[in-house]
Amino acid sequence: GIFQGAHFGDCNFPSSGFEFVGLFAIEDPPRAGVRESVLQCQSAGVKVVMVTGDHPDTARAIASRIEILGAAGGDGASGGDFQVLEGVDLNLRLPPPEGFNNLEEDSKEFWRHAVSHTRVFARVSPLHKQIIVQAYQHFGQNGLGEIVAMTGDGVNDAPALKQAEVGIAM
């Protein structure tokens, strides 16, 4: 993907009159044991999904490293474009306050497909996180609903943690 601000034509800052003096990069790798934990959960039949506010390319790279997505960016399911969804992809499909039952049929089909195939939700808001949990509870297991466990490490995760059957605050 192309990042906004990565080219001189779409930068929102001055790009002339500077002298290059160096480059600095950082990495925040997954903690030791995360990949093994994900694989262990998957072998026990748990569907592991990443829900993050991070950029989709960052989320895809981390998800691939910890086996949420396979090495080629997919997990073998026929999810196509649904492997990684962004918050903006959800905005036109958000349910009304009374829930998913009153959604138009095409939006219901979108959520069914998302619950079945999406392994990474990126650039999502706290509201998106809560609705994603609700979608798994409503559409998972072919409409019977999934039992959802959610981990979170910040205040922005609180609505989704409360919505899930199991909420784990770190």
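In this predicted model, glutamate 67 has a relative accessibility of 26%, so this residue falls in the partly exposed class. Its side chain meets that of arginine 35 in a salt bridge, with 3.4 Å from N to O. Arginine 35 belongs to helix H1 and glutamate 67 to the loop between helix H2 (56-65) and E2, so the contact ties together parts that are 32 residues apart in sequence. Arginine 35 is partly exposed too, at 35% relative accessibility. Valine 34, also placed in helix H1 (residues 34-43), sits 9.4 Å from glutamate 67, C-alpha to C-alpha, with the two positions 33 residues apart in sequence. At 30% relative accessible area, valine 34 is again partly exposed.

The salt bridge count comes to 8. Another one pairs lysine 47 with glutamate 146, and here the closest N and O atoms are 3.8 Å apart. Lysine 47 comes from the loop between H1 and E1, while glutamate 146 comes from the loop between H5 and strand E4 (149-152), so this pair bridges parts that are 99 residues apart in sequence. The two partners fall into separate burial classes: lysine 47 is partly exposed at 34% relative accessibility, whereas glutamate 146, at 19%, counts as buried; the cut-off for buried is under 20%.

Helix H4 offers a local example. Glutamate 109 and arginine 112 form a salt bridge, their closest N and O atoms being 3.2 Å apart. The two are 3 residues apart in the helix, so about one helical turn separates them. Glutamate 109 is partly exposed, with 43% relative accessible area, and so is arginine 112, with 32%. Through shared partners, salt bridges join Glu105, Glu109 and Arg112 into one network.

Turning to the aromatic residues, the model has 5 aromatic pairs. In one of them, phenylalanine 100 and phenylalanine 139 have ring centres 5.1 Å apart and planes at 80°, so the arrangement is edge-to-face. Phenylalanine 100 is in the loop between helix H3 (87-90) and helix H4 (105-117), and phenylalanine 139 is in helix H5 (residues 126-143), so the pair links parts that are 39 residues apart in sequence. Both rings belong to buried residues: phenylalanine 100 has 5% relative accessibility and phenylalanine 139 has 8%. Phenylalanine 110 and tryptophan 111 make another edge-to-face pair, at 5.5 Å centre to centre and 85° between the planes. Phenylalanine 110 is buried at 10% relative accessible area, and tryptophan 111 is buried at 0%. Ring pairs gather Phe82, Phe100, Phe110, Trp111 and Phe139 into a cluster.

Some of these residues turn up again in the largest nonpolar core, which has 22 residues; Leu85, Leu90, Phe100, Trp111, Phe121 and Ile132 have the most contacts inside it. At least two core residues come from each of H4, H5 and helix H6 (158-163), and H5 gives the most, with 6 residues.

The sheet is open, with 3 strands in the order E1-E3-E2 and parallel pairing. Strand E1 (50-51) and strand E2 (84-86) stand at the edges with a single partner strand each, so one side of each has no neighbour in the sheet. Strand E3 (residues 120-122) runs parallel to E2 and is joined to it by 3 bridges. Leucine 85 has phenylalanine 121 in E3 as its bridge partner.

Elsewhere, Val166, Ile168 and Met170 make a nonpolar surface patch of about 290 Å². Isoleucine 168 is part of strand E5 (residues 166-169) and is partly exposed at 39% relative accessibility.

Definitions and conventions: Residues numbered from 1 in each chain as written. Predicted model: local features only at pLDDT ≥ 70, side-chain atom pairs only at ≥ 80, totals over all residues. Heavy atoms only, no water. Pairing = 2+ DSSP bridges. Helix = DSSP H or I, 4+ residues; strand = E, 2+ residues; numbered from the N terminus. Patch = residues over 30% accessible without salt bridge, like charges linked within 9 Å, V, L, I, M, F, W, Y side chains within 5 Å. Areas by Shrake-Rupley, 256 points an atom, 1.4 Å probe, with all protein chains shown as cover. Salt bridge = Lys/Arg side-chain N within 4 Å of Asp/Glu carboxyl O. Buried < 20%, exposed > 50% of the residue type's maximum accessible area, 1.4 Å probe, protein only. Phe/Tyr/Trp six-rings, centres within 6.5 Å; stacked < 30°, edge-to-face > 60°. Core = buried A, V, L, I, M, F, W, Y, C linked by side-chain atoms within 4.5 Å.
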